[in-house]
Amino acid sequence: MDWPWVLEVLRGSLDSVLNLVVVAIPLMIGIEFMKHFQLVEKIAPYVAKPIHCLQLPDQGILPLISGIFFGITMGAGVIIQAKQEKTLNRQQMTTVALCLCICHSVIEDHVLFWRVGLSTTIPMVFARLLLAFFITFAYVKLMSLRNGKGEGLKTKEKVI
């Protein structure tokens, strides 16, 4: 029986895992570094204006920044924390989740793409960010029309 393909599969799998480890471990260390020194909170004032266009309060900035740059898992963790602290209402959490579904893990994805040899460019990053912003903005406007106010998301909705 001829089994040389098994060695090729194992070698290729090990190479893929090592590529992921080379990217994932430094990213996780970077995330912990940013958490420890509260760098996300320091970035937040610079992105407040676009966030307010999405009818989100300042408390919506941290989940968006975390999720966009470090992945849906970290963003979801921050959304769960916001729910527990009752800082975002249901509609605002839905808005944050929609934006993160479209555009999450910008840095992690592109570093992984680069590591495996795919070409990633800055325009691709901006395209993802703009697409997420415009679709989320359209959702907010649609919800405001549905609510009959034309002002944006409900702000006096019961916080869950």
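Helices in this account are DSSP runs of H or I with at least four residues, numbered from the N terminus. The structure described is a predicted model. Within that scheme, Ser144 belongs to helix H8, a helix that covers residues 122–147. Ser144 is buried, because its relative accessible area is 2% and burial is assigned under 20%. A polar atom of the Ser144 side chain lies 2.6 Å from the backbone oxygen of Lys141.

Helix H8 also takes part in the salt bridge of the model, and the count of such bridges comes to one. The bridge is formed by the side chains of Asp109 and Arg128, with a distance of 3.5 Å from N to O. This pair links distant parts of the chain, since Asp109 is in helix H7 (residues 106–115) and Arg128 is in helix H8, 19 residues apart. The two partners fall into separate accessibility classes. Asp109 has a relative accessible area of 21% and is therefore partly exposed, whereas Arg128, at 18% relative accessibility, counts as buried. The cut-off that decides both assignments is 20% relative accessible area, with buried residues lying under that value.

Helix H6 comprises 13 residues, from 90 to 102. At 1.5 Å a residue, a helix of this length should span 18 Å, and the end C-alpha atoms of H6 are 19 Å apart, so the expected and modelled spans agree. At the start of H6, the backbone nitrogen of Gln91 is approached to within 3.1 Å by a side-chain oxygen of Asn89. Gln91 is itself one of the buried residues of H6, together with Gln92, Met93, Thr95, Val96, Cys99 and Leu100. The packing partners of the buried residues in H6 are three helices: H4 (61–70), H5 (72–85) and H8 (122–147).

Of these partners, helix H4 is mostly covered, with eight of its 10 residues buried. The buried set in H4 consists of Ile61, Pro63, Leu64, Ile65, Ser66, Gly67, Ile68 and Phe70. Gly71 follows H4 and has a positive phi, near 115°.

Positive phi values also occur at residues other than glycine. One of these is Gln38, with a phi near 50°. Gln38 is placed in the loop between H1 and helix H2 (39–43), and its relative accessibility of 47% means that Gln38 counts as partly exposed. Another is Ser105, which has a positive phi of about 60° although it is not a glycine. Ser105 lies in the loop that runs between H6 and H7. Unlike Gln38, which is partly exposed, Ser105 is buried, because its relative accessible area is 3%.

Helix H1 extends over residues 4–36 and includes Ile25. At 49% relative accessibility, Ile25 counts as partly exposed, the upper limit of that class being 50%. Ile25 also contributes to a nonpolar patch on the surface, formed with Val17, Val21 and Ile29. Together, the four residues of this patch have about 350 Å² of accessible area.

Two further positions in H1 were considered with respect to other parts of the chain. Val9 lies in helix H1 and is partly exposed, with a relative accessible area of 45%. The C-alpha atoms of Val9 and Val106 are 30 Å apart in space, and the two residues are 97 residues apart in sequence. Arg11 is likewise located in helix H1, and because its relative accessibility is 59%, over the 50% limit, Arg11 counts as exposed. Between Arg11 and Val96, which are 85 residues apart along the chain, the C-alpha separation is 41 Å. Val96 is among the buried residues of H6, whereas Arg11 in H1 is exposed.

Technical notes:
Residues are numbered from 1 along each chain as its sequence is written. This is a predicted model: local features need pLDDT of at least 70, side-chain atom pairs count only at pLDDT 80 or more; totals for chains, interfaces and linings use all residues. Side-chain values use heavy atoms; hydrogens and water are left out. Helices (H or I, at least four residues) and strands (E, at least two) are DSSP runs, numbered from the N terminus. The expected span of a helix is 1.5 Å times one less than its number of residues. Buried means under 20% relative accessible area, exposed over 50%, partly exposed in between (1.4 Å probe, protein chains only). Contact means heavy atoms within 4.5 Å. A polar contact is a pair of N or O atoms within 3.5 Å; within protein, one must be able to donate a hydrogen and the other to accept it, and residues adjacent in sequence count only if both atoms are side-chain atoms. Patches are made of residues with over 30% relative accessible area and no salt bridge: like charges are joined within 9 Å, nonpolar side chains (Val, Leu, Ile, Met, Phe, Trp, Tyr) within 5 Å. Accessible areas come from the Shrake-Rupley method with a 1.4 Å probe; for residues, only the protein chains shown count as cover.
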